[in-house]
Amino acid sequence: MSTLVFLEQHGSELQKGSLGVLAKAASLGDGEVAAVIAGENARSLAAEAGKFGATKVWICEDGEAAQPLPQPRVDVVAQVVADGGYDSVLFANSVLAADVAAGLAARLDAGLNWDLVDLELREDELVGTRPALQDSVQVEVGWKATPRLALFRAGSFDATPVGGGDPEIAQVSPSYAPHSTTVKLVGQDAEESSGPSIEDADVIVAGGRGLGSPDNFTLAEELAKALGGAVGATRAVVDAGWYPYSAQIGQTGKTVSPKLYVALGISGAIQHKVGMQSSGTIVAINKDANAPIFEFSDLGVVGDLHAIVPKLTELVRARKS
Amino acid sequence: MRIAVCVKHVPEGPSRIDPQTLRLDRSGEGALNHFDANAVEEALRLKGDTDTEVVVVSLGPQKALDSLRKALAMGADRAVLVSDDAAVGSDLVATSRLLAAALERQEADLVLFGQQASDADGAVLWAAVAERLGRPVVSQAMELSVDAGSVRVKRQTEFGYDTLEAPLPVVVAVSDAINEPRYPSLKGIMGAKKKPQDVLSLAEVGLDPGDAGEPGSRTTVLALGDPPVRADARKIEDDGNAAQAIVDFLAEKRLV
């Protein structure tokens with residue numbers, strides 16, 4: 001097995017999710033594991049890839065890859081697959097990575113299995129595991145030919161350094177398909193957050209539309225404080241201006257997996273679910289008994305959060321003192 | 001201008017996988033994938049009162065026409081369905097190949113997709129189709145405008161909001177934050193039946209059986225199993241003591 005892992009960089013950091021996939025690939029312990037990094041700081045990030053198990057890192061610092069857009073990366077990864085002869089290419093899911101993986105699948109006519117949560121090598125066969133049908137079943141999937149493309153659910157594997165040394169570095173500079181370079185990023189609104197990122201919090205109390213009004217976020221804040229955690233928000237309330245984007249959890253926000261996730265007035269739509277579904281324990285309070293969130297929470301409470309949460313906060317404080 | 005919207009007819013209600021074929025059981029009732037309704041709505045919004053043509057395109061069984069008719073009832077002008085037994089069981093490689101072949105014939109300036117398919121939970125099709133069409137692609141669009149031969153898109157990623165521009169022809173995948181799809185009016189529903197609905201076989205889009213279904217696919221489903229269950233999941237109704245019940249639960253799990 002000869003594996004290439006797509007490492008996503010943002011700013012001057014490699015994304016944890018993709019480092020987790022790299023560590024997983026290294027742990028399969030079969031054959032070479034290489035990584036590819038495309039973007040302005042690629043070279044400076046190569047050494048870190050080594051720590052997570054890459055013995056070789058392909059870097060591309062072309063101007064075409066400077067913007068965080070998927071299509072030039074299809075050209076880059078396709079070139080690396082050809083140059084390095086890789087039979088498997090692994091991605092950690094993100095808005096960018098999904099578009100790269102799918103574009104690559106079409107470019108190479110290569111099978112792509114997505115939403116994977118695990119990967120196993122059985123004899124010479126690569127087998128992926130994924131939940132399906134709103135997580136009601138577990139499916140084992142495979143590939144009929146190489147190269148095999150795999151897109152893993154965000155947060156599937158912990159980014160634990162495996163203690164690798166300095167990797168070999170190779171530069172790649174592909175020719176870019178005409179359609180790859182016509183999208184232009186003309187503006188970016190990155191909300192900088194002050195304070196610790198919610199991604200590192202052990203406890204998150206998240207609020208959704210069911211809170212009723214932006215003022216009611218104080219309920220979430222008080223409970224979070226009592227539990228020693230951070231506050232999260234759904235896309236719906238962030239879009240409505242109730243809470244800052246830095247707290248947004250979900251497909252186009254952060255992916256979190258705290259020990260405890262308390263969901264207040266959150267329906268549990270799929271775009272939110274994918275951002276918190278691997279939390280250790282999920283407690284949901286919602287007055288709608290049919291809210292989808294009850295299908296994947298450990299403790300579902302059907303009731304009025306405005307009555308329950310203040311009491312809950314008081315009880316937690318009392319317990320802790 | 002011509003806008004093509006790719007839509008999918010998905011099983012309605014709880015889905016199941018047939019344990020024999022390891023494929024999704026599509027024999028029951030189906031409906032227009034609700035995320036695709038956003039894409040249809042966006043096309044109609046861009047069309048407005050102009051003579052822009054909105055054509056909805058789908059790949060599926062004959063009854064997928066029901067979903068296409070819903071889009072026609074919302075206001076789309078024409079429907080194209082690629083329906084062929086040989087296409088059953090197509091994976092991403094095969095599906096994107098079929099859709100691209102159907103779309104080539106439409107020569108649309110703008111191809112729209114919805115956020116994901118509620119059955120396969122796949123959010124990958126548009127990028128594969130765009131690659132096959134040789135077009136730029138922008139995903140997660142929450143605002144879309146067309147002006148002077150290019151699109152301007154505001155999208156949300158994990159890091160914030162991006163504004164992007166791309167020249168036509170282009171593929172854009174819209175997020176469900178972009179709009180609220182309209183309900184078809186009675187007039188729309190009645191009028192839908194008269195609008196052109198073409199059903200095409202593989203051969204009619206220039207493909208062979210080997211390009212589709214299992215022979216055309218590069219991935220397989222090997223086995224079906226039970227999901228890892230959240231052990232001891234509980235659901236309670238507040239009888240005035242919910243707060244205490246929650247604290248007790250958290251204490252049990254040593255979370256507080």
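Okay, one term before we start: two strands pair if DSSP finds at least two bridges between them. And keep in mind that this is a predicted model.

With that in hand, let's look across the two chains. Strand S10 of chain A, residues 137-143, pairs with strand S14 of chain B, residues 219-225, in the antiparallel sense, over six bridges. If you want one spot to click on, find Gln138(A), whose bridge partner in S14(B) is Gly225(B).

So how many residues does each chain put into the contact? Chain A brings 74 and chain B brings 61. On chain A's side, the most comes from helix H4, residues 95-108, with nine residues. Sorted by class, that side of chain A has 37 nonpolar, 19 polar and 18 charged residues.

Next, the open sheet. There are ten strands, with mixed pairing, in the order S13(A)-S11(B)-S10(B)-S9(B)-S12(B)-S8(B)-S1(B)-S6(B)-S7(B)-S13(B). Which strands stand at the edges? Those are S13 of chain A (184-189) and S13 of chain B (197-200); each has a single partner strand, so one side of each is left without a neighbour in the sheet. From one strand to the next, the twist averages 30°.

Inside that sheet, S8 (110-113) and S12 (170-174) of chain B pair in the parallel sense over four bridges, and Val111(B) has Val171(B) as its bridge partner in S12(B). Helix H1 of chain B, residues 34-47, packs on the sheet, and its direction makes about 170° with that of S1(B).

Last bit: chain A's domains. The assignment gives domain 1 (3-181) and domain 2 (198-320). Their centres, taken over C-alpha atoms, are 32 Å apart, and four residues of domain 1 are in contact with six of domain 2.

Conventions: Residues numbered from 1 in each chain as written. Chains lettered and ligands numbered in written order. Predicted model: local features only at pLDDT ≥ 70, side-chain atom pairs only at ≥ 80, totals over all residues. Contact = placed C-beta atoms within 7 Å. Helix = DSSP H or I, 4+ residues; strand = E, 2+ residues; numbered from the N terminus. Nonpolar A, V, L, I, M, F, W, Y, C, P; charged D, E, K, R; others polar. Domains from an automatic or database assignment. Axes fitted to C-alpha atoms, helices over the stretch in contact; angles between N-to-C directions.
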